[in-house]
Amino acid sequence: MADYHTLIVGAGFSGIGTAVNLDKAGLRDYLIVEAGDGVGGTWFWNRYPGVAVDIPSFSYQFSFEQSPAWSRTYAPGRELRAYAEHCVDKYRLRSRIRFDTEVSGAMFDADENLWRVELNTGEVITARFLVNASGVLTIPKLPDIDGVDSFSGVTMHTARWDHTQDLTGKRVAIIGTGATAVQVIPEIAPIVQQLTVFQRTPIWCFPKFDVPLPAAARWAMRVPGGRTLHRLLSQAYVEFTFPLAAQYFTINPFAKRADAAGRAYLRREVRDPVLRDKLTPRYAVGCKRPGFHNTYLSTFNRDNVALVTEPIEKITGSAVATADGSTYEADVLILATGFKVMDVDAMTFDITGPGGQTLSAFWEEHRMQAYEGVSIPGFPNYFTVMGPYGYVGSSYFALIEAQTHHLVRCIAQADRRAAHRVEVRQEANDRYFAEMMRKRHRQIFWQDSCRNANSYYFDRNGDVPLRPASTPEAYWRSRSFDLDDYRFTG
Ligand code: NAP
């Protein structure tokens, strides 16, 4: 007998969505374990200045819990944290979350058909089903630069921002120009004495219709018709600009115009042609995640901001040294260097299947794959919310709702059949993987220029484990996949 019917790892929006869907299906015997002391996942950990969502808030929320409280078209991080708290309270999840608890490993017990999950406290919890909702942007990636550990000033990764540090009047160096840096740089540039930005690969940046929501719009969010209208418009915009542009690149005539739009915006924002050239990406928009900000590019026009494109050689005491022999003194070093993503070492804990093989080893051997992005052959009773070939590139909430619907259908069916073991069939997984391979040629990622992008979308095999599909297709398939693609036994 397992301690819990289901164990959910992570109290971010994936974990919250899983729990709400389990409750709706009457499967109430679950526990959520969460490493932090609060809910919201990525929004709990990422509190750097300027943190905000890049997808309109009308879409960046659960369809079943649409908030009338967003203050802007793109909510700031603290509102998303508050929204997570609200969901947890409204759906009565708090008492079922164990905070400050990390999973250190999970092993399937084939005799008992359950998971033995080891916690950092040393305790072992057993659960019939294990749902990995630990997210994809979870483990901060530190740059592999000589001396980064021995910088004599203050060092902080953007995902672990130290708000006790006042940057006013300081010399600050920031490494990285990804979507996070796009938000941090304009926010801190006006207060620091000197900001030196170390850029390895430039990012495409686009303006953002980021405005306060007028009272009338917020009122409209309280009435069903108004809510639906906001949602529909927002979903259409997101679908058009993200999945339809990236996943259907070769057949979408509008997608190919994005580079020209990006260059025109650069011309408008950056006066100096040399600086503008350095900020111009040499790859197609969409090869890697673009940024959205109204003042990121123009921030480089400031006198106290310097853009360095020479490769970093090492960090020496209080300075960053580049390959051309220059050194840049700093009081604070900010690592906007992202997360371990799309890779076998991006797992927060080891998952060991009945044959003794870990999931990382399985992916190492067979390339990253998962049936509908949710389940993996050889790993019974295990489901993941953000697995390979699940995400189409739209709002993560659309992904979470589709994937949690899928996994709850499986778990509920196992219970109906009194099955203790549910496992995706090899042939169903192979069919899905072959479909992904067949359809991926139409994605943006296979353009020659993407080789210059240094994009974390590519894993070590050169695969991009993103789903070549639209959001409605992923939604529909989570409701219509054949349950016989799973084997229910025990
Ligand atoms: P990221 O996109 O992985 O960017 C990391 C940056 O650090 C890149 O510019 C990278 O350069 C640079 N870098 C890494 N190691 C380096 C080294 N050794 N030397 C020099 N430069 C180095 O990480 P991120 O900006 O944190 O964004 C991660 C993801 O978070 C985004 O893609 C997005 O999905 C999400 N995000 C979302 C929002 C939002 O919705 N509002 C906001 C922020 C982030 P290369 O490009 O050359 O590798």
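Start by selecting F13, W43, Y60, F62, F64, W70, Y83, Y91 and F397: together they form one aromatic cluster. Keep in mind as you look around that this is a predicted model.

**First stop: Y60 and F397**

Stay with two members of that cluster, Y60 and F397. Across the model, the count of aromatic pairs comes to 31. Y60 and F397 make one of these pairs, arranged edge-to-face, with 4.8 Å from centre to centre and 80° between the planes. Now colour by position along the chain: the pair links distant parts of it, since the two residues are 337 residues apart. Y60 belongs to the loop between α2 (42-45) and α3 (77-90), while F397 is in helix α12 (residues 396-416).

Are these two rings buried or exposed? Y60 has 7% relative accessibility, so it counts as buried. F397 is buried too, at 2% relative accessibility.

**Second stop: F445 and F458**

Next, select F445 and F458, another edge-to-face aromatic pair, with 6.5 Å between the centres and 90° between the planes. Both sit in the loop between α13 (426-439) and α14 (471-480), 13 residues apart. Try a surface display here and compare the two partners. F445 is buried, with a relative accessible area of 3%. F458, at 23% relative accessibility, counts as partly exposed, because the cut-off for buried is under 20%.

**Third stop: two arginines over rings**

Which residue lies over the face of F44? Select R47 and you will find it there, at 4.9 Å from the ring centre. Then move to F481, where R409 lies over the face of the ring, at 4.3 Å from its centre.

**Last stop: V392**

Finish at V392, in the loop between β18 (382-384) and α12. With 6% relative accessibility, V392 counts as buried. What is V392 in contact with, leaving aside its neighbours within four places in sequence? Show side chains for P243, Q247, R467, A469, S470, T471 and A474, and you have the list of those contacts.

For a closing distance, pick the C-alpha atoms of V392 and C410. These residues are 18 residues apart along the chain, and their C-alpha atoms are separated by 22 Å.

Definitions and conventions:
Residues are numbered from 1 along each chain as its sequence is written. This is a predicted model: local features need pLDDT of at least 70, side-chain atom pairs count only at pLDDT 80 or more; totals for chains, interfaces and linings use all residues. Side-chain values use heavy atoms; hydrogens and water are left out. Rings of Phe, Tyr and Trp (its six-membered ring) pair if their centres lie within 6.5 Å; planes under 30 degrees apart count as stacked, over 60 as edge-to-face and the rest as tilted. Helices (H or I, at least four residues) and strands (E, at least two) are DSSP runs, numbered from the N terminus. Buried means under 20% relative accessible area, exposed over 50%, partly exposed in between (1.4 Å probe, protein chains only). A charge sits over a ring if NZ of Lys or CZ of Arg is within 6 Å of the ring centre and within 35 degrees of the ring normal. Contact means heavy atoms within 4.5 Å.
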